[in-house]
Every structure is written in structure tokens, then in C-alpha cells.
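Take a moment with the sequence and the 3D view below. Then follow the text through them, step by step.

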Amino acid sequence: QVQLVESGGGLVQAGGSLRLSCASSRAIFSFGTMGWYRQAPGKQRELVAVMNSIGGNTNYADSVKGRFTISGDNAKNTVYLQMNSLNAEDTAVYYCNARLFTGVRWSDYWGQGTQVTVSS
């Protein structure tokens, strides 16, 4: 069973920064990809950033390119999301995602979410 535990959310003023962490119960290099999604009130969950766990290739939503950075620490089994120049549109619950190939199909695992609130 995979467990993902997010931390680092909170209240920040516009223009500020936060770093989210996602601690995994499995080695992060065992996953195909790890990423961050977010869901604002009344909106669908959307991809924020994703990284290939082996090669480290990354991909970002257009709305966060140049402001957010996803990274991983294999020694700590933790994935991070550094968020800079935050604005009110970044307010959402942020979820960590890990995608694991089980030999038959890909399975998605999710953390419990962490709230990020940006005050303008």
C-alpha cells in the first residue's frame, strides 16, 4: 500500500512563497511519475506539475511555468513543490499524486491534500 503525506500548505500574501512536501512510503524512483494537482472551490482538479521519477523530466501547467518548481529527494522519499510569486488564483487544495505500474496497469495514489490560501 502506498501512502503519500503532504505538508507545507498555509496562508501567504500575494507575491510570497511556499514549499509543499510530499513524503512517500515507497521509494520515489519506484513510481513512473510523481506530481502535484490542485482543486479550487467549484473547479475541477487540475495538473500543476509532474516529474518523471527516473529521468527527472518535468512538465508544468502554463499558469505556473516560471513560478513553480517540482523536485524530488530520493534519500528522503519526498517530492517538493516550490511555489514563488503566488497570487490569489493559486488558492486551492494541493494534492500529491504518484503513478505506479503494477505489472498489469498503472495505478494512481493520492495524498490527503494541503490547503494553500493566497491573500491579495
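Over the face of which residue does Arg-45 lie, at 4.6 Å from the ring centre? The residue is Trp-110. Keep in mind that this is a predicted model. Arg-45 has a second ring partner as well: its charged end sits over the ring of Tyr-95, 3.8 Å from the centre.

Stay with Trp-110 for a moment. The structure holds two aromatic pairs. In one of them, Tyr-37 and Trp-110 meet edge-to-face. Their ring centres are 5.0 Å apart, and the planes stand at 70° to each other. Planes over 60 degrees apart count as edge-to-face, so this pair earns that name. Now trace the two residues along the chain. Tyr-37 belongs to strand E4, residues 33–39, and Trp-110 belongs to strand E10, residues 106–110. They are 73 residues apart, so the pair links distant parts of the chain. Trp-110 is partly exposed, with a relative accessible area of 36%.

The other pair is made by Phe-101 and Trp-106. Their ring centres lie 5.2 Å apart. Their planes meet at 55°, so this pair is tilted. How accessible are these two residues? Phe-101 has a relative accessible area of 44% and is partly exposed. Trp-106 comes to 47% and also counts as partly exposed.

Step back to the whole chain. The protein has eleven strands and zero helices. Read from the N terminus, the elements run β-β-β-β-β-β-β-β-β-β-β. The C-alpha atoms fill a box of roughly 45 × 30 × 25 Å along the principal axes. The radius of gyration is 14 Å. A compact globule with 120 residues would have a value near 14 Å, so the two agree.

What share of the 120 residues counts as buried? The share is 40%. The accessible surface comes to about 6400 Å², and carbon and sulfur atoms account for 47% of that. Contacts tell another part of the story. Take those with a separation of 6 or more: 54% of them join residues 24 or more positions apart.

Now pick out strand E8, residues 78–83. Five of its six residues are buried, so E8 is largely enclosed by the rest of the structure. E8 pairs with strand E3, residues 18–24, in the antiparallel sense over six bridges. In E3, find Arg-19. Arg-19 stands opposite Gln-82 in E8. E8 also runs antiparallel to E7, and six bridges join these two strands. Here Asp-73 stands opposite Thr-78 in E8.

How many residues lie between E7 and E8 in their hairpin? There are four. Asn-77 is in the turn, with a positive phi of about 50°. That is a positive value in a residue other than glycine. Asn-77 is partly exposed, at 21% relative accessibility. The cut-off for buried is under 20%, so Asn-77 does not count as buried.

Finally, move past E8. Ser-85 is in the loop between E8 and strand E9, residues 92–101. Phi of Ser-85 is near 50°, again a positive value in a residue other than glycine. With a relative accessible area of 43%, Ser-85 is partly exposed.

Methods:
Residues are numbered from 1 along each chain as its sequence is written. This is a predicted model: local features need pLDDT of at least 70, side-chain atom pairs count only at pLDDT 80 or more; totals for chains, interfaces and linings use all residues. Side-chain values use heavy atoms; hydrogens and water are left out. Buried means under 20% relative accessible area, exposed over 50%, partly exposed in between (1.4 Å probe, protein chains only). Rings of Phe, Tyr and Trp (its six-membered ring) pair if their centres lie within 6.5 Å; planes under 30 degrees apart count as stacked, over 60 as edge-to-face and the rest as tilted. A charge sits over a ring if NZ of Lys or CZ of Arg is within 6 Å of the ring centre and within 35 degrees of the ring normal. The radius of gyration is taken over C-alpha atoms; the globule rule is 2.2 Å times the number of residues to the power 0.38. Contact means heavy atoms within 4.5 Å. Accessible areas come from the Shrake-Rupley method with a 1.4 Å probe; for residues, only the protein chains shown count as cover. Two strands pair if DSSP finds at least two bridges between them.
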